[in-house]
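Keep the model open in a viewer and make each selection as it comes up. Each stop says what to select and what is found there.

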Amino acid sequence: MEKSFSMLLLLILFCILSNGANGKAKARNYRSEINRRLKLLNKPAVKTIKSEDGDVIACVDIYRQPAFDHPALKNHTIQMQPSFIPSIETPNGEHENSRPVVSQLWKKRGSCPKGTIPIRRIRRRELLRTNGRKSPERLDRTNKTASQDRFMYLNNTRDSILYPTPENRSTAVLMTYGYNYIGASGEINVWNPRVEKLPEFTTAQIWLKNGEVNNFESVEAGWTVHPAEYSDARTRFFVYWTVDGYKKTGCFDLTCYGFVQTSTEIALGGAVDPGSSSFQQQYVLPINIFMDPTTTNWWLVFHDIYVGYWPGSLFSLLKHSATSVEWGGQVYSVNVRKTPHTKTAMGSGYDAEELFGLACFIGQPRILDYSKSYKYPTFVGIWKDEYNCYSAVNYKAGNANDEATFFFGGPGQSYRCP
């Protein structure tokens, strides 16, 4: 009996020691992997610029950027400019943006030379916290605070589409759905909303998607406040892509291998300034994303700067076109659709119904199809996962010739959103 008990104790001790050794080995391997990724991402710089917000911007040889570490891009030839330039017109036919445009803080301290691209240095703690990626989208089957059904009705008609409600995300968007979108644009109003705690974040952006609701391909761009990803609460310009609904592919900016940058003027993930204030000057981030039909590369334009592109070779479905476009905002938190709700705000932090001067907006939303002519989408619908927490309004003023402006956002937890 005593011998059996002693053997049992020895077996338990062996298991404990073995698990401890395995745990230490896993920790060493993880640290080694983080070190390897940091070395790959933080390429040698031709020139270094220290931004006033604490960022370090490395001017890296354009041919040594992280994109070319992707297996599918080993022999990729850089496309320095698209084969065609789509024109974007405002409602009155002018080609200029209607409101003042933000710039990036780091540019106050210098510029990158020709033949290089500016890359924001990635910090170890940022990779440890997020690994540069969004969490996978899993559909929420217990959505209690969302709209009464999960169907979006286009132009208030009987035509409807099923809109997915992912766990841990709350979205308020203007959406259009079709089969041949090869571009989208809009002027995104810039604010600096509150993020309650890590790893929560908030975005205002444009998505172009194709594929199943839980396994889609997507290219995205806009602004975000994401302290876990960027180590501060500043508003930052970001890009993103995925081919499997964020499960295993894609990342923010250049923290994985995919986006090919061509511009010397824009640092992906760099802080933007100035931001808008209540009843004061409103600033915008003009975004244009379009596919070059000749190469199937998806180009990104920041105002009038051609930043770079997502190579068509990354995608299967988006190599042909997008089937949906969304303009709006999203909050990520494990406390959406729960009580107490997160206090992370969307947009300006004001409800959409407050309209211009208080609520965040996206003006001049446009889609591009194979006619290669930008136009206001024929059919649009509004979706808001939590109408009591984050609202959305496609507002049109009294003048029949005026175009609707999409307003969205909210404070999160409030008297209406406990």
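Select strands S9 and S10, which form a hairpin with six residues between them. In the turn of this predicted model, pick Gly211, whose phi is positive at about 120°. S9 covers residues 201-210 and runs antiparallel to S10, with nine bridges joining the two. For one point of register, show Asn210, which stands opposite Glu217 in S10.

Stay on S10, residues 217-225, and colour by accessibility: nine of its nine residues are buried, so the strand is mostly covered. Next add S11, residues 236-242, which is antiparallel to S10 and joined to it by seven bridges. Which residue of S11 is the bridge partner of Gly222? Phe238 is that partner.

**Aromatic rings**

Now display the aromatic side chains; 18 aromatic pairs are found in the whole structure. Select Phe201 and Phe252, an edge-to-face pair with 6.1 Å centre to centre and 90° between the planes. This pair links distant parts of the chain, with Phe201 in strand S9 and Phe252 in the loop between S11 and strand S12 (260-261), 51 residues apart. Are these two rings buried or exposed? Buried means under 20% relative accessible area. Phe201 has 3% and therefore counts as buried, and Phe252 is buried because its relative accessibility is 0%.

Keep Phe252 selected and add Tyr240, which also pairs with Phe252 edge-to-face, at 4.9 Å centre to centre and 85° between the planes. Tyr240 lies in strand S11 and Phe252 in the loop between S11 and S12, so this pair ties together parts that are twelve residues apart in sequence. Tyr240 and Phe252 are both buried.

Extend the selection to Phe201, Phe216, Tyr230, Phe238, Tyr240, Tyr246, Phe252 and Tyr332, which form one aromatic cluster. Phe238, the bridge partner of Gly222, is thus a place where the strand pairing and the cluster can be viewed together.

From the cluster, centre on Phe216 and show Lys209: the charged end of Lys209 sits over the ring of Phe216, 4.5 Å from its centre. For another case of this kind, go to Phe84, where Lys372 lies over the face of the ring at 4.9 Å from the ring centre.

**Salt bridges**

Side chains of opposite charge can pair when their charged atoms come close. The structure holds 17 salt bridges. Select Asp369 and Lys375, which form one with the closest N and O atoms 3.2 Å apart. Asp369 counts as buried because its relative accessibility is 14%, while Lys375, at 30%, is partly exposed.

A set of salt bridges that share partners joins Asp53, Asp55, Arg120, Arg123, Glu126, Asp232 and Arg236 into one network. Within this set, centre on Glu126. Which residue forms a salt bridge with Glu126 at 2.7 Å between the closest N and O atoms? Arg120 does, and both Arg120 and Glu126 are buried. Glu126 also meets the side chain of Arg123 in a salt bridge, at 2.9 Å from N to O. Glu126 has 2% relative accessibility and so counts as buried, whereas Arg123 is partly exposed because its relative accessible area is 21%.

Definitions and conventions: Residues are numbered from 1 along each chain as its sequence is written. This is a predicted model: local features need pLDDT of at least 70, side-chain atom pairs count only at pLDDT 80 or more; totals for chains, interfaces and linings use all residues. Side-chain values use heavy atoms; hydrogens and water are left out. Buried means under 20% relative accessible area, exposed over 50%, partly exposed in between (1.4 Å probe, protein chains only). Helices (H or I, at least four residues) and strands (E, at least two) are DSSP runs, numbered from the N terminus. Two strands pair if DSSP finds at least two bridges between them. A salt bridge is a side-chain nitrogen of Lys or Arg within 4 Å of a carboxyl oxygen of Asp or Glu. Rings of Phe, Tyr and Trp (its six-membered ring) pair if their centres lie within 6.5 Å; planes under 30 degrees apart count as stacked, over 60 as edge-to-face and the rest as tilted. A charge sits over a ring if NZ of Lys or CZ of Arg is within 6 Å of the ring centre and within 35 degrees of the ring normal.
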